[in-house]
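The following exchange examines how certain terms are applied to a structure. Each answer sets a value against a definition.

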Number of protein chains: 2
Amino acid sequence: MTKQRKVVYDVLLEERDHPTAQTIFERAQNELSSVSLATIYNCLDALVSHDVVKQVNIDREPSRYCANLCEHGHFHDQSTGDIIDVKFKPDVDLTQFLDLPQGAVIENLELNIKGFLKQ
Amino acid sequence: MTKQRKVVYDVLLEERDHPTAQTIFERAQNELSSVSLATIYNCLDALVSHDVVKQVNIDREPSRYCANLCEHGHFHDQSTGDIIDVKFKPDVDLTQFLDLPQGAVIENLELNIKGFLKQ
DNA sequence: GTCTTTTTTAGAACTATTCTAAATTTGCTA
DNA sequence: TAGCAAATTTAGAATAGTTCTAAAAAAGAC
Ligand SMILES: [Mn+2]
Ligand SMILES: [Mn+2]
Ligand SMILES: [Zn+2]
Ligand SMILES: [Zn+2]
C-alpha cells in the first residue's frame with residue numbers, strides 16, 4: 001500500500017459518487033499534487049485486481065470506480081448523470097430467475113439500469 | 001432502408017453471435033465489397049436508434065450488436081469469449097427484487113454475467 | 001546500507017469510435 | 001423521366017480513454 005494507492009482508495013471512500021479516473025485524479029491532486037494520471041490508472045488496476053474496488057462500465061462512457069463491496073447494481077440517472085447504488089432485496093439471488101446455459105459457473109454479475117427520477 | 005443497412009441487418013440476423021463492428025464489416029464485405037467501416041457504424045447507429053438492434057457493452061471491449069429484441073441478459077464465457085443470450089424465466093420482473101430509488105422510472109435494464117461453462 | 005524488485009512518472013502510442021467534407025444515392029415533385 | 005433537395009456513404013483525419021514504455025524513485029529484503 002503506497003502513498004498513492006492510499007490516496008486513491010481514500011478518495012473512493014470519501015465521496016461515493018462513482019468518479020471516473022480523471023475525477024479521481026483531480027481529487028487525489030488535492031492530497032498529493034505530484035501524482036500522475038498514469039499512477040491513478042495503475043492504482044485503480046491494483047485495487048480492482050485485489051477486489052477492494054469495483055470498476056463500473058456503463059455504455060461506452062469512461063469507467064467509474066466504486067468502493068462498495070456489497071453485491072449491488074447501478075442506476076444511471078439520465079437527467080443528472082448520477083450513478084446510484086441499487087441493493088438487491090434481502091436474500092434475493094437474481095440468477096434463480098435466469099435461463100442460464102447448462103453448466104454455467106458465474107464469476108461476476110453486473111446490473112446496470114438507465115432511467116430517471118420522477119418529481 | 002438502404003442497401004448497406006440491409007446488409008448490416010442481414011449479417012446480424014444470419015449469425016447471432018454478437019459480432020463487433022469490425023466483424024460485421026468483414027461479413028458485410030462478402031455481400032457488398034465497397035462498403036466502408038464508417039458506414040457500418042452509421043448503419044448500426046441507425047438500427048440501434050430505431051430499436052431494431054441492441055448494442056451490447058461488456059467491460060471496455062468493443063461494442064457488440066444483437067438482433068434479439070426480447071428482453072434478455074448476456075452471459076460472457078471467459079474461456080471462449082462467446083457471448084450467449086440469457087432469457088429471464090417466464091413472467092419474471094427483475095426490478096421487483098431491487099431497492100430502487102424513490103420515483104425511479106426505468107428506460108433500460110442491462111444484465112451482464114461473466115463466467116465459464118463447466119465440462 | 002546495499003541490492004533487488006516494485007512502483008511511479010511523463011509522455012508516446014494505441015484503438016474503438018466519431019467527425020469532416022466531398023461524392024453518391026435516394027426520394028420527391030414536376 | 002428530369003431536376004432538385006435531403007439523406008447517406010465514403011475515405012481519411014481527429015478524438016479520447018486507456019495502456020505502454022523506459023527512466024527515475026521508492027520500497028522491501030538481507
Ligand atoms: Mn466523474
Ligand atoms: Mn467479434
Ligand atoms: Zn456502486
Ligand atoms: Zn443478445
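A salt bridge is a side-chain nitrogen of Lys or Arg within 4 Å of a carboxyl oxygen of Asp or Glu. This is a predicted model, in which local features need pLDDT of at least 70, side-chain atom pairs count only at pLDDT 80 or more, and totals for chains, interfaces and linings use all residues. Residues are numbered from 1 along each chain as its sequence is written, chains are lettered from A and ligands numbered from 1 in the order in which they are written, and side-chain values use heavy atoms, without hydrogens and water.

Q: How many salt bridges does the rule find across the interface of chain A and chain B?
A: The rule finds zero salt bridges across this interface.

Q: What makes β6(A) and strand β6 of chain B a pair?
A: Two strands (DSSP runs of E, at least two residues) pair if DSSP finds at least two bridges between them. β6(A) and β6 (residues 104-117) of chain B have 13 bridges, in the antiparallel sense, and therefore count as paired. In β6(B), Asn112(B) is the bridge partner of Glu110(A).

Q: Why is the approach of Tyr41(A) to DNA strand D called a polar contact?
A: A polar contact is a pair of N or O atoms within 3.5 Å; within protein, one must be able to donate a hydrogen and the other to accept it, and residues adjacent in sequence count only if both atoms are side-chain atoms. A polar side-chain atom of Tyr41(A) lies 2.5 Å from a phosphate oxygen of DNA strand D, so the pair qualifies. For Arg60(B), the distance to a phosphate oxygen of DNA strand D is 3.3 Å, which also meets the cut-off.

Note on methods
Helices (H or I, at least four residues) and strands (E, at least two) are DSSP runs, numbered from the N terminus.
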